[in-house]
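Here is a friendly briefing to read alongside the model. Please keep the viewer open as you go through the points.

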Amino acid sequence: MITKISKGRLTGLSFIICHLAFSMMITSCADMLDQDSDMVRFADEGMLSRATDSIYNVTGIMKQMQALADRTIVLGEVRGDLVDVNNYAPADVRDVALFNIGTANRYNRPRDYYAVINNCNYFLAKADTTLKNSQGRRIFEKEYAAVKAYRAWTYFQLALIYGQVPFVTEPLLDMNIDETSFPLYSLQQVCSYFIDDLAPWATTEMPGYGTIGNVESRLTYFPIHVLMGELNLWAGNYREAALCYYHYISTRNGTNTAWPLGSMRLEWTRDDGKYERYTDAWSLQAFGPTSEHYSEAGELISMTPGDSIPTSPNYSSLPSLFNTNTLNDGYYSLLPSEALRQLSARQVYCNLTTTGDVGYAPSNLTENRAGDLRLSAVYHTYNYNIGGLSTTTGRPTQQRLEKYFYSTNVHIWRRAMVYLHLAEALNRAGMPELAFRFLSTGVNNRVIAEMQHQYPADSTYLAQFDFRNTDYVLRTEDPAGYTTLGIHSRGCGYTERNEFYTMPDGSLDEQIKAVEDLIVDEEALELAFEGQRFYDLMRVALRRNDPAYLARRILARRGEGAASGITANLLDPATWYLPFAVDK
């Protein structure tokens, strides 16, 4: 039986309350079957019919999203092949890494997801969508679309985590019902439902509450085009997925605008053959103190604002899991896996001198500087020194991971993910050469025209993509003024000149698989530690009907032949999902 939860009221995001000077408390997001909750009490008041109602409810949902933020990263990354745990990891984190997750594990609490879902259901059922302001705009329209996206993302996460989930789209107000009363929806059913549910709202703007405290409100939503891209990618609707990602790229800064990948990258000093120093125009822009500032060239798409109080149950533990700090007294828990280190070192960095000579960085460089430079840029270790005391007794080496160093807000999506998933979708749509160009050179309309000749049957489909040459300038076209480049060049130099990084040969099916493998590697190099990895591996393994695709990578996270500590049979897809704790 699903049990009821005790009565309680959650206040809204404190910084939103302070900024807007609201005198009444934000409507809370009730737990799934809390028949005594405040939401139920307000439900009898009928429709939500005031502009302030929308703000109260949307920010209340934002508040409850905080409970999901850390586990989004932990479940998506710690179960993958790029992260390992040390001897200081909490038991719950270690059990996640070892696929030994019981119903008592703190990261296995479906109730928190249903709390968000039920509040979304309540808002969608009660919002008066016919109400207009003095300018004739529907008051609840933007908030309605935002809540639709919150609900879809939350159900999508549930389905990724549990495989099949109880599905309900009506608010549960005064019900004491067991879980068998709900239909169970599979991941595919969840994707199909919300593709249709979101489609009418795809072009609706998200609410604009401005900058509230230190948080830009535009970064706290899930853009519907991106969300529909993800749903279609998992559903196997590859052409639709690619168009969804493209529509977001082409409208992110307004109608008919550009959002190129940009030129930020890591680069060895071009004319210094010693390979002793490199410049970093990637990590600070993507993860540094200003990465959460919204701009036309910004990288971040969506994040969950973290609680600012360390003693709060929703204060993010990610900085303490990945970094040496005063809160963990130096006992961080998570570190890059040997598999990630080896993958990074296997890459070949291509250098191009200012006189046009091509060369390659040595393969024996230390400090994670061999091959791809992105790991070296975000991961650092030092002799232990915290609180003015320097010692190594009983503590691990000091560690700093830039991706979780500057903020306790949890980043969910960013630009590189959209481009990588766009390439993944186009590859599976039967255009591996075009997908490869996103990795190697970047794409503009000249490339699209070339692909129309290479894939004539897809010419009409490709005509829907408009990467204007004036906005998407490739480095091969203008080495000084380019605005986009191949994603692999972010960490591996001049990929467009790299003879070791070329389009795979073979039949179309062979090319698709080979390019997909390159994309999966690139997703690791670019998105490591960001909560994507386990699901990237799972998606490809399911697509290929090959559980070993996932299993062999995860079992080799500590290196080929090294004991992983995992006893679960990862060749059985049932082990990829958590047990559904109905009373949690």
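Let's begin with a ring: Phe-467 is buried, at a relative accessible area of 1%, where buried means under 20% relative accessible area, exposed means over 50% and partly exposed lies in between (1.4 Å probe, protein chains only). The model is predicted, so local features need pLDDT of at least 70 and side-chain atom pairs count only at pLDDT 80 or more, while totals for chains, interfaces and linings use all residues. Residues are numbered from 1 along each chain as its sequence is written, and side-chain values use heavy atoms, with hydrogens and water left out.

**The protein overall**

- The secondary structure comes to 21 helices and 16 strands; these are DSSP runs, numbered from the N terminus, with helices (H or I) of at least four residues and strands (E) of at least two.
- Of the 584 residues, 58% count as buried.
- Take the contacts (heavy atoms within 4.5 Å) between residues at least 6 apart in sequence: 74% of them join residues at least 24 apart.

**Aromatic pairs and a cluster**

- A pair of aromatic rings is described by the distance of the centres and the angle of the planes.
- Rings of Phe, Tyr and Trp (its six-membered ring) pair if their centres lie within 6.5 Å; planes under 30 degrees apart count as stacked, over 60 as edge-to-face and the rest as tilted.
- A search of the whole structure finds 34 aromatic pairs.
- One of these is formed by Tyr-155 and Phe-167, with ring centres 4.6 Å apart and planes at 35°, so this pair is tilted.
- This pair links distant parts of the chain, 12 residues apart: Tyr-155 sits in helix α6 (residues 141-162), and Phe-167 in the loop between β2 (164-166) and β3 (184-186).
- Tyr-155 is buried at a relative accessible area of 0%, and Phe-167 is buried at 6%.
- Phe-467, our starting point, pairs with Tyr-472 in an edge-to-face arrangement, 5.1 Å from centre to centre and with 90° between the planes.
- Tyr-472 also counts as buried, at 2% relative accessibility.
- Tyr-155 and Phe-167 also belong to one aromatic cluster, together with Tyr-114, Tyr-162, Tyr-185, Tyr-193, Phe-194 and Phe-580.

**Charges over rings**

- A charge sits over a ring if NZ of Lys or CZ of Arg is within 6 Å of the ring centre and within 35 degrees of the ring normal.
- Arg-475 lies over the face of Tyr-494, at 3.9 Å from the ring centre.
- Arg-553 lies over the face of Tyr-549, at 3.8 Å from the ring centre.

**Two packed helices**

- Helix α14 (residues 415-428) packs against helix α19 (residues 508-527) at an angle of about 170°, and their axes are 10 Å apart.
- That makes α14 roughly antiparallel to α19, since angles over 145 degrees count as roughly antiparallel, under 35 as roughly parallel, 65 to 115 as roughly perpendicular and the rest as oblique.
- The axes are lines fitted to C-alpha atoms, for helices over the stretch in contact, and angles run from 0 to 180 degrees between N-to-C directions.
- Residues that meet across this contact include Met-417, Leu-420 and His-421 from α14, and Ile-512, Val-515 and Ile-519 from α19.
- By class, the contact of α14 with α19 has 8 nonpolar, 3 polar and 7 charged residues; Ala, Val, Leu, Ile, Met, Phe, Trp, Tyr, Cys and Pro count as nonpolar, Asp, Glu, Lys and Arg as charged, and the others, Gly among them, as polar.

**Two residues of helix α6**

- Val-147 is found in helix α6 and is buried, with a relative accessible area of 0%.
- Leaving aside residues up to four places away in sequence, Val-147 touches Val-58, Ile-61, Cys-120, Phe-123 and Leu-124.
- Val-147 and Phe-123 are 24 residues apart along the chain, and their C-alpha atoms are separated by 7.7 Å.
- Glu-141 also has its place in α6, and at 32% relative accessibility Glu-141 counts as partly exposed.
- With the same sequence neighbours left out of the count, up to four places away, Glu-141 touches Trp-201 and Thr-204.

**Positive phi in loops**

- Asp-329, in the loop between α11 (318-322) and β9 (334-336), has a phi near 55°, a positive value in a residue other than glycine.
- Asp-329 is partly exposed, with a relative accessible area of 38%.
- Glu-367 also has a positive phi, near 55°, and is found in the loop between β11 (358-360) and α13 (374-378).
- At 59% relative accessibility, Glu-367 counts as exposed.
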